Amino acid sequence: MKIRPLNDRLLVQRLEEEEKTAGGIIIPDSAKEKPAQGKVVAVGPGKVNDSGERVALQVKAGDVVLFSKYGGTDVKLDGEDYLIMREDDVLGIVE
């Protein structure tokens, strides 16, 4: 299935968190938090400003981004979990 986000929205796939802490302690699934880092799979064409011009997004497909913990909407496509979020929910791009 192909999906193309609209306007300033992004399709993001969460990256898995580490199973162990730096000290070697294994974290059980019940204690894990949702990861706030993901890879951008697809981007929309951009937001339309007040003068009617389309402003391109700063984020592009393939970028690894940090986003707010509760940002975006969870969706399931072809058995995979994704998030659809606005560019405003992205806190930064990991380089």
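This briefing walks through the strands, the core and the charged pairs of one protein chain. The model is a predicted one. Its chain has 95 residues, of which 25% are buried. There are zero helices and eight strands here, so get ready for a lot of β.

**The overall picture**

- Reading along the sequence, you meet β-β-β-β-β-β-β-β.
- Take the contacts between residues at least 6 apart in sequence: 62% of them join residues at least 24 apart.

**The sheet**

- Six of the strands make an open sheet, in the order 6-7-1-2-5-8, and the pairing is antiparallel.
- At the edges sit strand 6 (73–77) and strand 8 (90–94), each of which pairs on one side only.
- On average, neighbouring strands of this sheet are turned by 40° against each other, direction ignored.
- Strand 7 covers residues 80–86 and pairs with strand 6 in the antiparallel sense, over five bridges.
- Within that pairing, Thr 73 has Ile 84 of strand 7 as its bridge partner.
- Strand 7 also pairs with strand 1, again in the antiparallel sense, and that pairing runs over four bridges.
- Arg 9 stands opposite Arg 86 in strand 7.
- Strand 1 pairs with strand 2 (residues 37–43) too, antiparallel and over five bridges.
- There, Leu 10 stands opposite Val 43 of strand 2.

**The nonpolar core**

- The largest nonpolar core is made of ten residues.
- Five of its members are valines: Val 12, Val 40, Val 59, Val 65 and Val 90.
- Leu 10, Leu 57, Leu 83, Phe 67 and Met 85 belong to this core as well.
- The elements giving two or more residues to this core are strand 1 (9–14), strand 5 (64–67) and strand 7.

**Salt bridges, and a busy lysine**

- The structure holds six salt bridges.
- Lys 47 and Asp 8 meet through their side chains in one of them, at 3.8 Å from N to O.
- Lys 47 is in strand 3 (residues 47–48) while Asp 8 is in the segment before strand 1, so this pair ties together parts that are 39 residues apart in sequence.
- Lys 47 counts as partly exposed because its relative accessibility is 39%.
- Asp 8, on the other hand, counts as buried, with a relative accessibility of 2%.
- Lys 47 forms a salt bridge with Asp 88 too, and the closest N and O atoms of that pair are 3.9 Å apart.
- Asp 88 lies in the loop between strand 7 and strand 8, so its link to Lys 47 in strand 3 ties together parts that are 41 residues apart in sequence.
- Asp 88 counts as exposed, at 57% relative accessibility.
- Put Arg 86 alongside Asp 8, Lys 47 and Asp 88, and you have a network linked by salt bridges.
- Elsewhere, Asp 74 forms a salt bridge with Arg 14, with 3.9 Å between the closest N and O atoms.
- That pair links distant parts of the chain, since Asp 74 is in strand 6 and Arg 14 in strand 1, 60 residues apart.

**Glu 87, a charge without a salt bridge**

- Glu 87 lies in the loop between strand 7 and strand 8.
- Glu 87 is buried, yet has no salt bridge.
- The nearest side chain of opposite charge is Lys 47, and it is 6.6 Å away; a salt bridge needs the nitrogen and oxygen within 4 Å.
- Leaving aside neighbours within four places in sequence, Glu 87 is in contact with Asp 8, Leu 10, Leu 57, Gln 58 and Val 59.
- Among those contacts, Leu 10, Leu 57 and Val 59 are also members of the largest nonpolar core.

**Gly 44, a buried loop residue**

- Gly 44 lies in the loop between strand 2 and strand 3.
- Gly 44 is buried, with a relative accessible area of 10%, and the cut-off for buried is under 20%.
- Gly 44 and Pro 5 are 39 residues apart along the chain, but their C-alpha atoms are separated by 4.6 Å.
- Neighbours within four places in sequence aside, Gly 44 is in contact with Pro 5, Leu 6, Asn 7, Arg 9 and Leu 57.
- Leu 57 turns up in the contacts of Glu 87 and in those of Gly 44, and it is one of the core residues.

How values were computed. Residues numbered from 1 in each chain as written. Predicted model: local features only at pLDDT ≥ 70, side-chain atom pairs only at ≥ 80, totals over all residues. Heavy atoms only, no water. Pairing = 2+ DSSP bridges. Axes fitted to C-alpha atoms, helices over the stretch in contact; angles between N-to-C directions. Buried < 20%, exposed > 50% of the residue type's maximum accessible area, 1.4 Å probe, protein only. Lys, Arg positive; Asp, Glu negative; His and termini not counted. Contact = heavy atoms within 4.5 Å. Core = buried A, V, L, I, M, F, W, Y, C linked by side-chain atoms within 4.5 Å.
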